[in-house]
Amino acid sequence: MQNEEYLVSYVSSPNTSEPDEGECHHQSKRARALSGTSNLDTSDDEEKGWRRGAVFDSLKYVADESDSDDELEEGGDDAVFAGVDEAAFCARLEELTVNAGDDPLDPTWLLLKQAKRAAQCNEKLVSCPKEYKKGPDVGSKSERTRQQYKKLLANQTSLANFGFAFSSQQSRVPQPGPQASNTLPTVESAAPTLVIDEATEPLILSPPPLPAEEPGEFPSVTAPCSTDTQGLLGHDLDDGLISNGDGLVEDAEDAWEEVLEEQERGGVEIRGWDELQEQVKDDLAKGAKTGLPFSRVNQLMLIRSFATLRLKGLGRIEASLEIARQWHEGEGKHLAQKVRALARHYQVFEQLPAEKRRGRANALSPLKDKRLQLAARQWLMLQEVGQVTPQRFQHALNEMILPALSIVLVRPLCEWTARCWLLKLGWQQMRLRKGVYMDGHECDDVKKYRREVFLPAMAAFECCMVHFEGPELLHVDPQLAPGERKVIAIFHDECCFHRNDYRTHAYLLPGQQILQRKGRGCIIHVSGFINAEDGRFVLCDESGNIVVEAREIIYPGANGDAWWNTEQLLKQVKRAIEIFEAAHPDCIALFIFDQSSAHASLPPDALKAFEMNKSNGGKQRKQRDTVIPNTNPTVEHCGKPQKMCLPNGQPKGLQQVLKERGFNVRKLQVKCSPICPWENEDCCMACLLSKQDDFTNQPSMLETLIKDAGHECIFLPKFHCELNPIEMYWGWCKYHYREVKKSTFEEAKRCAVQQLDACPTEVICRFINRSWQFMSAYRMGLTGKAAEWAVKKQKGHHQVSRSAMMSIEAVLDTAS
């Protein structure tokens, strides 16, 4: 092209004034930037008044207006540039540049500011491709997309670790463009690339079968599938998905939808939203039972709404925008994009993205070091009970434990970290109480008595009792053998009501408060009986009016009645036996008591070895005569009666009593000080005699009184309040007693009697059934939480069914 503006600048015509130097340079740089060829017509340039400018750039010499004629002459080029004007000089200089192999369009010819602007324009034109490629050809995508893939595929492992297998497919994957490339471009990551030959068939990944889901759990994370095994999709795609507090996807990569579309092209079977909608509902139902976090529930709600809109005919974008308008205050375009990514993830993998919150912080916890855990536990165990505090634990960690293990942290541990570590190691802040309850359910002596004495005896009595079965409490009479009599179980216990007992919670306005009394007030002591047939143990006349009741109420304390003792209990039991014989003739009463000290009181002449002296006589009390038991080591003395007093009436001592039984007491001390060791049986004379059966198995006064009247008596195992239904009866009465406000002690007395009489017989019968259910569970071998679960499962039944046992056995077999 002739007369084209190329690397020239304006010069003033002979008739005009010459512009200054800065203007010439500015025009010459712009002219160079607009030029596209090196063929010039210098004559036209002269007519147009153009003048070439030049600058000095590194190794290239370019003439500049600042160079004087003297400097050109000194360069030794007089022969070359003699008689040549500026336009011709610039043209010759351009020819020399082309002949030397340089490019006249080099940005170095431009000013610095204009060169940057030109470079930015060229970068925009080049960096934005006209057409984007799909599939695993990541290297052909833009730099931004490749960086996203690099971040997405970090820390990936091989798909073989997840059980994926390769299978061939007859169809060939079409390649874009007229000529397919044999080798995929390399992704900028540590994962290797996959080379696919045109002659071979493409590899399709098939996911392994999902394992059986556990009850209440969601399916495990399934690795995605694609044609690229390790370079692209061998990693979890949900690494870039992090849920925020609202359950929405946060910081998801823009490549999500492209990657998931590749899954669809990779041969993965994707179910429709009609089927997935039912699965989402099932996941929500399971999450409600297992305590699914709110963020996961929100994600499932979003997916269910998306599925509903899709089934109504809306497109993906329309459905996501509709959800965003409902969930977001603004337009919600970004939220709509995240909803689409979440829905596509669930549609492909049929599960929610894995939670990544606080994963890195927890992974870097020094407490995961087994050595540190052991050292911290040892330090805590060495401390005195109740003296462990977060402050002391923090000081011990920073000053002793961590330096001893050569563990160096960036900064010392704070008090909050020490508090969290205490919780993780099992130490909790608990409220200190004055009364301490020791649970002895699993003590050896308690289990032995429950298994060998109590449960077999109750099973024998239960065959002769009336049962109340089912929720309707159907009356079932026992099948009695000839000569047998019906047995009625009568449960006994004591309870105390206090005058100032009142409710502990109330609905009040802000600032309101009910003034409570500081003390608990005067005591109302109640000793009562209940049974399944009568409820409260009473005697009624023909019209149903109560004639006499076995319950005893006293008001002990200062200026009140005497405290409850064994003498008062024996009087009450005598009256209860009379009431029972009048109300239920020809029946046997089975009195059931707990093992309190008053119930186990022995008569004044009971055998007590530790109250005896070594020698005869003295101030020791007189004891009743006995019979040497059959378990005595000397056989010839077994079964013989033994007098505990001499012919003159003085009580015998330990030494003579043991000699009469055939024991050698030489070099044996009388009593251990202060007490005898628990494991020894023959450490002293008193201990040796106290272990004899006639001294150990002595009936109490209560048991003697009941059996002399022709009835039966049995004691509950220790620490087994669930086997005594009257404890539940006390709880029912106390709850209603606290609901009533009482101003005076007389009002409290009347209220206590009213609540004790208000409990229906049907409710008492259900309490008794619950105790029988616990006995049945213990008889089947269940204890603790397992027994409690079996009783809850069999509400309304007299015994625990075999189906409950089978369910527990199935759970135990699964756990093992």
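The predicted model contains 0 disulfides. Cys-495 illustrates this, as it takes part in no disulfide. The cysteine sulfur nearest to that of Cys-495 belongs to Cys-496 and lies 6.4 Å away. Cys-495 is also buried, with a relative accessibility of 7%. A second case is Cys-683. The closest cysteine sulfur to that of Cys-683 is in Cys-672, at 3.3 Å. That separation is too far for a bond, because a disulfide requires sulfur atoms within 2.5 Å. Cys-683 is buried as well, at 15% relative accessible area. A disulfide, in general, is a covalent bond that links the sulfur atoms of two cysteines.

The overall make-up of the chain was examined next. The protein chain has 816 residues, of which 38% count as buried. Its secondary structure comprises 27 helices and 16 strands. Contacts between residues at least 6 apart in sequence were also considered, and 67% of these join residues at least 24 apart.

One strand residue shows such long-range contact in detail. Phe-591 sits in strand β13, which covers residues 588–593. Its relative accessibility is 0%, so Phe-591 counts as buried. Beyond residues up to four places away in sequence, Phe-591 touches Ile-490, Phe-529, Ala-576, Ile-577, Ile-706, Glu-712, Cys-713 and Ile-714. Glu-712 is 121 residues from Phe-591 in sequence. In space, the two C-alpha atoms are 6.3 Å apart.

Two of the residues touched by Phe-591, Ala-576 and Ile-577, are buried residues of helix α18. This helix runs from residue 566 to 583 and has 18 residues. From its first C-alpha to its last, α18 reaches 25 Å, close to the expected 26 Å. The other buried residues of α18 are Thr-566, Leu-569, Leu-570, Gln-572, Val-573, Ile-579 and Phe-580. In an α-helix, residues three or four places apart point the same way, because there are 3.6 residues a turn.

Helix α23 spans residues 726–738 and has 13 residues. The helix reaches 18 Å between its end C-alpha atoms, close to the 18 Å expected. Its buried residues are Ile-726, Met-728, Tyr-729, Trp-730, Cys-733 and Tyr-737. The cover over these residues includes both strands and helices. Among the strands are β7 (487–498), β8 (523–531) and β9 (535–536). The helices include α24 (745–758) and α25 (761–779).

A helix pair was then analysed. Helix α9 (residues 273–290) and helix α12 (residues 333–349) have axes that come within 11 Å and cross at roughly 95°. The two helices are therefore roughly perpendicular. On the α9 side, the contact is made by Trp-273, Leu-276, Gln-279, Val-280 and Asp-283. On the α12 side, Ala-343, Tyr-346 and Gln-347 take part. By type, the residues of this contact divide into 5 nonpolar, 2 polar and 1 charged.

Backbone angles were the last topic. Most residues other than glycine have a negative phi. Ser-406 has a positive value, with phi near 60°. This serine lies in the loop between α15 (390–404) and α16 (415–424). Ser-406 is exposed, at 65% relative accessibility. Lys-667 likewise has a positive phi, near 60°. Its place is the loop between α19 (654–660) and α20 (685–690). Lys-667 is exposed, with a relative accessible area of 87%.

Technical notes. Residues are numbered from 1 along each chain as its sequence is written. This is a predicted model: local features need pLDDT of at least 70, side-chain atom pairs count only at pLDDT 80 or more; totals for chains, interfaces and linings use all residues. Side-chain values use heavy atoms; hydrogens and water are left out. Buried means under 20% relative accessible area, exposed over 50%, partly exposed in between (1.4 Å probe, protein chains only). Helices (H or I, at least four residues) and strands (E, at least two) are DSSP runs, numbered from the N terminus. The expected span of a helix is 1.5 Å times one less than its number of residues. Contact means heavy atoms within 4.5 Å. Axes are lines fitted to C-alpha atoms, for helices over the stretch in contact, and angles run from 0 to 180 degrees between N-to-C directions. Angles under 35 degrees count as roughly parallel, over 145 as roughly antiparallel, 65 to 115 as roughly perpendicular and the rest as oblique. Ala, Val, Leu, Ile, Met, Phe, Trp, Tyr, Cys and Pro count as nonpolar, Asp, Glu, Lys and Arg as charged, and the others, Gly among them, as polar.
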